[in-house]
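These are my notebook entries from a session with one model, written down in the order in which I looked things up. I begin with a single pairing and work outwards from there.

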Amino acid sequence: MQTGHWLKELGFSDKLVIISDTKVKGLYGDALRQSLTSEGFNTGLLEVPEGEEQKSLQAASKLYNELNNFYAERTTPILALGGGVIGDLSGFVAATYLRGVPLVQMPTTLLAQVDSSIGGKVAVNYGQLKNKIGAFYQPSLVVSDITVLRSLAISEFANGLAEAIKSAVVWDKEFFAYLEENLEEIKLREAGINPAPTDKALEEVVVRSAQIKAEIVEQDERDSGLRSILNYGHTIGHAIETVSGFKIEHGEAVAIGMLAAARISNKMGILDKNELIRLRRVVERAGLPTEIPSLDVEKLIRAMKHDKKMLGGTMRFVLPKAIGEVFITDEVSPPVIENTLVG
Ligand SMILES: NC(=O)c1ccc[n+]([C@@H]2O[C@H](COP(=O)([O-])OP(=O)(O)OC[C@H]3O[C@@H](n4cnc5c(N)ncnc54)[C@H](O)[C@@H]3O)[C@@H](O)[C@H]2O)c1
């Protein structure tokens, strides 16, 4: 790990704090700390248990206490070493502790590398309400090391692939073509085969997805327009996750949601059938599901209406016009929605 060297070069303060979850700390915490102490950094290493429940005010409060005990100062950077949960929680703590300390995102899941570490949304949940308390707080630096993805569970890897496919569909048809061409190579790390060629394809996915997210966020940091295209697949996806009682994983639900939105667009006479077929093939080859599971359609629609992306009770969808281009609409007719959700 060369992180210590880079942080030194970039002039970060001599004292810093890593926040990680139990699993990631066990895998990479010591190596990172070692890299930092060997460059002369006084490094604290704080641990939180794994899981979404840690995105809470209680967990944040515990971390504030630990930062106090470490005598953290306004210049003391927080290094968020972990997946999206650690990134969102540590980011929230960094945004609020002493009215803001520097934040370095060190994402270790594919989802975090391609999506959640970029764009500055940090938050904790409030009861059942996801990401209810939060801020826009940009990291000073994002350090993604794709070699850490080798230890990631296949289902977690697929979650990240779903978001990478999303980035391509909403913004970049060339990137989509790259995914079509290289998907098997990108997935090779699943089998534990890690020679350089494999890494190259995966690196391209992380770099290009991060660039796409940055390009979109640069134009609409506060999420008042364009940024909502990143919700493509998520309106229906969240409903599927919720109604399935979270038996269907986030990435799977997003994959199904992306295809459902594409089918809606096709039924409305907008998306060409061939484009729909291309999308279905890529999702399938990524190891993600493509069909709507048999769930209660009324419950799905109710869940979609409750989603925070619904404005004034109307159902707002991000739909593909073509691969690489989406539009936002409130005007999908209820029969088309119901018909699509029946599967
Ligand atoms: N801020 C944003 O813009 C944004 C965007 C998308 C998602 N999110 C948030 O991200 C969270 C989900 O993130 P996630 O999918 O990364 O989940 P996660 O952080 O829970 O990580 C998933 C699991 O993988 C483990 N793990 C992490 N890195 C590993 C590695 N290299 N090797 C082995 N195991 C590893 C973790 O310990 C955890 O058990 C959600 O809370 C979601 O709301 C935020």
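Which residue of strand 7 does Gln-105 stand opposite? I looked this up first, bearing in mind that the model is a predicted one, and found that Gln-105 stands opposite Val-142 in strand 7.

**Entry 1: strand 4 and its partners**

I then followed strand 4, which covers residues 103-107, and noted that 5 of its 5 residues are buried. I recalled that in a regular strand the side chains alternate between the two faces of the sheet. In strand 4 I found Leu-103, Gln-105 and Pro-107 pointing one way and Val-104 and Met-106 pointing the other way, with all of them buried.

On the side of strand 7 (residues 141-142), I recorded a parallel pairing with strand 4 over 2 bridges. Strand 3 (residues 78-82) also pairs with strand 4 in the parallel sense, over 5 bridges. Going through these bridges, I wrote down Ala-80 with Gln-105, Leu-81 with Met-106, and Gly-82 with Pro-107.

**Entry 2: strand 3 and the whole sheet**

I turned to strand 3 and asked how many of its 5 residues are buried. The count is 5 of 5, so I entered strand 3 as mostly covered, taking buried to mean under 20% relative accessible area. Ile-78, Ala-80 and Gly-82 point one way from strand 3, while Leu-79 and Leu-81 point the other way, and all are buried.

Strand 3 is also joined to strand 1 (residues 15-21) by 4 bridges, and these two strands run parallel. For Val-17 I looked up the bridge partner in strand 3, which is Ile-78. I also noted that strand 3, helix 4 (residues 84-96) and strand 4 make a right-handed β-α-β unit.

Putting the strands in order, I recorded an open sheet of 5 strands, 2-1-3-4-7, with parallel pairing. Strand 2 (42-48) and strand 7 stand at the edges with a single partner strand each, so one side of each is left without a neighbour in the sheet.

**Entry 3: Ser-117**

I next looked up Ser-117, which is found in the loop between helix 5 (110-116) and strand 5 (121-126). Is Ser-117 buried or exposed? Its relative accessibility is 2%, and therefore I entered Ser-117 as buried. A polar atom of the Ser-117 side chain lies 2.7 Å from the backbone oxygen of Ala-112. Leaving aside neighbours within four places in sequence, I listed the contacts of Ser-117 as Gln-105, Pro-107, Ala-112, Pro-139 and Val-142. The list brought me back to Gln-105 and Val-142, the pair that stand opposite each other in strands 4 and 7.

**Entry 4: the ligand**

I then moved to the ligand, around which I found 25 residues, the closest being Asp-21, Glu-52, Thr-108, Thr-109 and Ser-151. For Thr-109, I noted that an N or O atom in the side chain is 2.7 Å from an oxygen atom of the ligand. A backbone N or O atom of Lys-121 lies 2.9 Å from a nitrogen atom of the ligand, and for a backbone N or O atom of Val-148 I recorded 2.9 Å to a nitrogen atom of the ligand. On its own the ligand has 880 Å² of accessible area, and the protein covers 87% of it.

I asked which elements give two or more residues to the shell around the ligand. They are helix 2 (22-37), helix 4, helix 5 and strand 6 (129-136), and the largest share, 4 residues, comes from helix 2.

**Entry 5: His-234**

Last, I looked up His-234, whose place is in helix 9 (residues 234-243). I entered His-234 as buried because its relative accessibility is 7%. The side chain of His-234 makes a polar contact with the side chain of Glu-163, at 3.2 Å. I also looked up His-234 against Ser-144, and noted that their C-alpha atoms are separated by 24 Å, with the two residues 90 residues apart along the chain.

Conventions: Residues numbered from 1 in each chain as written. Predicted model: local features only at pLDDT ≥ 70, side-chain atom pairs only at ≥ 80, totals over all residues. Heavy atoms only, no water. Buried < 20%, exposed > 50% of the residue type's maximum accessible area, 1.4 Å probe, protein only. Pairing = 2+ DSSP bridges. Right-handed = clockwise from strand over helix to strand, strands pointing away. Polar contact = N/O pair within 3.5 Å; in protein donor to acceptor, adjacent residues only side chain to side chain. Contact = heavy atoms within 4.5 Å. Near = heavy atom within 4 Å. Areas by Shrake-Rupley, 256 points an atom, 1.4 Å probe, with all protein chains shown as cover.
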